[in-house]
Amino acid sequence: NHALPQNKIQTFDKLKPEKKPIRYPNAEHKSEFNYSDILMSNITPREYQITCYIEALQRDLVIVLPTGSGKTLIASMVTGKMKQMNPSHMVLFIVDRIPLVFQQG
């Protein structure tokens with residue numbers, strides 16, 4: 001019999017990383033997602049921009065919004081937070097139009 005003893009068998013379930021639930025902002029833990037310290041201007045993000053920002057910090061996210069709805073602001077908030085959390089790393093922000101360079105510069 002070539003079977004391994006039960007105590008030597010590892011299941012793949014034990015090797016999977018634990019998925020953490022997405023935490024939406026509420027009074028209990030909204031302070032975990034503070035954004036005021038990363039904004040470079042006096043712009044106040046809209047509620048849906050804050051929601052996108054929070055979700056993007058917790059998981060990979062593709063944001064599909066109409067033109068002029070603040071996708072660049074959300075991206076700059078996320079990259080600002082990532083830079084704040086990892087100060088020794090560089091951030092590369094690629095844009096496809098010259099006006100976006102000046103908007104974020």
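## Close-up views of a predicted model

**View 1. Aspartate 37 and its partners.** Aspartate 37 is partly exposed, because its relative accessible area of 44% falls between the 20% cut-off for buried and the 50% cut-off for exposed. Keep in mind that you're looking at a predicted model here. Aspartate 37 sits in the loop between α1 and α2. Set aside its neighbours within four places in sequence, and aspartate 37 is in contact with Lys81 and Gln84. Along the chain, aspartate 37 and lysine 81 are 44 residues apart, yet their C-alpha atoms are separated by 8.9 Å.

**View 2. The whole chain, for orientation.** What does the secondary structure come to? The protein has 4 helices and 0 strands. Read from the N terminus on, that gives the order α-α-α-α. The protein has 105 residues, and 21% of them count as buried. How much of the contact total comes from residues 24 or more positions apart? Such pairs make up 46% of the contacts with a separation of 6 or more.

**View 3. Proline 45 in its loop.** Here's another residue from the loop between α1 (12–15) and α2: proline 45. Is proline 45 buried or exposed? Proline 45 counts as buried, because its relative accessible area is 6%, and the cut-off for buried is under 20%. Leaving out neighbours within four places in sequence, proline 45 is in contact with Tyr35, Leu39, Ile50, Leu73 and Met77. Take leucine 73 as one of these partners: it's 28 residues from proline 45 in sequence, and the two are 7.9 Å apart from C-alpha to C-alpha. Leucine 39 touches Pro45 too, along with Leu73 and Met77, again not counting residues up to four places away.

**View 4. Helix α2 up close.** Helix α2 runs over residues 47–58. Its 12 residues reach 17 Å from the first C-alpha to the last, close to the 16 Å expected at 1.5 Å a residue. Which residues of α2 are buried? They are Gln49, Ile50, Cys52, Tyr53, Ile54, Glu55 and Ala56, and the buried residues of α2 pack against α3. Leucine 57 is also in α2, but it's partly exposed, with a relative accessible area of 23%. The C-alpha atoms of leucine 57 and methionine 77 are separated by 9.8 Å, with their positions 20 residues apart along the chain.

**View 5. Helix α3 up close.** Now for α3, which spans residues 71–85. At 1.5 Å a residue, its 15 residues should span 21 Å, and the end C-alpha atoms are indeed 21 Å apart, so the two values agree. Buried in α3 are Thr72, Leu73, Ile74, Ser76, Met77, Val78 and Lys81. Lys81, you may recall, is a contact of aspartate 37 from View 1.

**View 6. The largest nonpolar core.** In soluble globular proteins, nonpolar side chains tend to be buried together. The largest nonpolar core of this model has 12 residues: Tyr35, Ile38, Leu39, Ile50, Cys52, Tyr53, Ile54, Ala56, Leu73, Ile74, Met77 and Val78. Which elements give two or more residues to this core? They're α2 and α3. The largest share, 5 residues, comes from α2.

**View 7. The second largest pocket.** This view turns to a pocket, the second largest one, which holds about 300 Å³ of space. Its lining has 14 residues, and Gly68, Lys71, Thr72, Leu100 and Gln103 lie nearest the centre. Two or more lining residues come from each of α3 (71–85) and α4 (98–104). Which of the elements gives the most to the lining? It's α3, with 3 residues. Sorted by kind, the lining divides into 5 nonpolar, 6 polar and 3 charged residues.

Terms used: Residues numbered from 1 in each chain as written. Predicted model: local features only at pLDDT ≥ 70, side-chain atom pairs only at ≥ 80, totals over all residues. Heavy atoms only, no water. 1 Å grid on protein atoms, 1.4 Å probe; cavity = no way out; pocket = protein on both sides within 12 Å on 5 of 7 lines; lining within 4 Å. Points joined across faces, edges and corners; volume = space filled by probe spheres on them. Nonpolar A, V, L, I, M, F, W, Y, C, P; charged D, E, K, R; others polar. Core = buried A, V, L, I, M, F, W, Y, C linked by side-chain atoms within 4.5 Å. Buried < 20%, exposed > 50% of the residue type's maximum accessible area, 1.4 Å probe, protein only. Contact = heavy atoms within 4.5 Å. Expected span 1.5 Å × (residues − 1).
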